[in-house]
Amino acid sequence: MKIGLFAINYGTCGDPESAVEVAQAAESAGFESVWTGEHIVLPDPMLPSFPLAPETPMLDTIVALTWIAAHTKRLRIGSGIIVLPLRNPVLLAKELASVDVISGGRLIIGLGAGWLKHDFEALGVPMQGRGERMDDALRAIRALWTMERPEHHGPSASFRNVLSNPRPLQHPIPHLVIGGESPAALRRAITTANGWYGFGLTVEETKRHIESLRRTAEQYGRPAELGNLEVTVTPVGSFDRRSVDAYAAVGVHRLVVLPRLDSSHAQRHSPVPLDDILRNIETVSQIVEAAAE
């Protein structure tokens, strides 16, 4: 089981120095990766369905990944997730390729279609049609990174007779993960990505989504060059040896834990003191080591 840590760019880790301390502690403890969250703006007043206070500091994903990459050596850095329909795919391709190069090929790209209307409204981007724009943006990014003479014409970007260098260090593209639980998100994971990311899921919820992924693969087929689908989950509920074994048994390959262990829905995004995060990193490391024995 690979282990990652979520929220490396917001809350307590919205402070750059704290983010470095947490990332370096995770690296020392044997964590495989750290992951950002992404919202461009936060609802004010706070929504019952989204318990993140509007004043919560949240560093930009690209900036945070760059900062953490510069202060670690082996730790993989993941975006969990970038809301792709809010981004210009040509600009994002340049940013992500640059992060992969400066990190020495440690980038994991998590992308999703987004769900919070406040992000879309603040940027003047319609939510309607975001799935189609995401599909087109994925094709545009892949064209820039893999085609000898990149060309793409679609609603999100249109180009030819251009090159964008450097290309990512990981070939042909960095490890790509699709987030989301909708049928469209599952289809994208199966047909275009190396992995799928489910956030805030119990073991039973995870099992149901993995079964849906299998049915989706039967329906659409999975390109052979993508290999086996890697499943990443942020777990909820108690975190112990039994829960690690349970997630592994249903087919999870990576657990990206929250800074607060044993979190309820209302606690998932609440601030966690730095010392508690550091202690939780050690606790998680010990639990995973015990589960591996």
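The exercises below go through a predicted model of one protein chain, each with a worked solution.

Residues are numbered from 1 along each chain as its sequence is written. Local features need pLDDT of at least 70 and side-chain atom pairs pLDDT 80 or more, while totals for chains, interfaces and linings use all residues, and side-chain values use heavy atoms, without hydrogens and water.

**Exercise 1. Describe the overall build of the protein chain.**

Step 1. Take the secondary structure: the chain has nine helices and eleven strands. Helices (H or I, at least four residues) and strands (E, at least two) are DSSP runs, numbered from the N terminus.

Step 2. Compare the radius of gyration with the globule rule. The radius is taken over C-alpha atoms, and the rule is 2.2 Å times the number of residues to the power 0.38. For 293 residues a compact globule would have a value near 19 Å, and the chain, at 18 Å, agrees with this.

Step 3. Look at burial. Buried means under 20% relative accessible area, exposed over 50%, and partly exposed in between (1.4 Å probe, protein chains only). Of the 293 residues, 54% count as buried.

**Exercise 2. Locate the cis peptide bonds.**

Step 1. Recall the background: most peptide bonds are trans.

Step 2. Asp44 and Pro45 are joined by a cis bond with omega about 10°. Pro45 sits in the loop between β2 (33–36) and α2 (61–70).

Step 3. From His171 to Pro172 the bond is also cis, and omega is near 0°. The loop holding Pro172 runs between β7 (158–159) and β8 (175–179).

**Exercise 3. For Ala7 and Asn161, state phi and decide whether each residue is buried or exposed.**

Step 1. Most residues other than glycine have a negative phi.

Step 2. Ala7 has a positive phi, near 70°. This residue belongs to the loop between β1 (2–5) and α1 (16–28). Its relative accessible area is 5%, so Ala7 is buried.

Step 3. Asn161 has a positive phi, near 55°, and its place is in the loop between β7 and β8. Asn161 is exposed because its relative accessible area is 60%.

**Exercise 4. Work through the salt bridges of Asp135, Arg254 and Arg279.**

Step 1. Side chains of opposite charge can pair when their charged atoms come close. The rule used here asks for a side-chain nitrogen of Lys or Arg within 4 Å of a carboxyl oxygen of Asp or Glu. Under this rule there are ten salt bridges.

Step 2. Asp135 pairs with Arg188 at 2.6 Å, N to O. Asp135 is in helix α5 (residues 130–146) and Arg188 in helix α6 (residues 183–192), so that the pair links distant parts of the chain, 53 residues apart. Asp135 is buried at 15% relative accessible area, and Arg188 is buried at 4%.

Step 3. The closest N and O atoms of Arg254 and Glu230 are 3.0 Å apart, and the two form a salt bridge. Arg254 lies in strand β11 (residues 254–257) and Glu230 in strand β10 (residues 230–235), so the bridge ties together parts 24 residues apart in sequence. Both residues, Arg254 and Glu230, are buried.

Step 4. Arg279 and Asp276 meet at 2.2 Å, N to O. Both lie in helix α9 (residues 274–292), three residues apart, about one turn of the helix. Asp276 is partly exposed, with a relative accessible area of 27%.

Step 5. Salt bridges with shared partners join Lys2, Glu32, Glu230 and Arg254 into one network.
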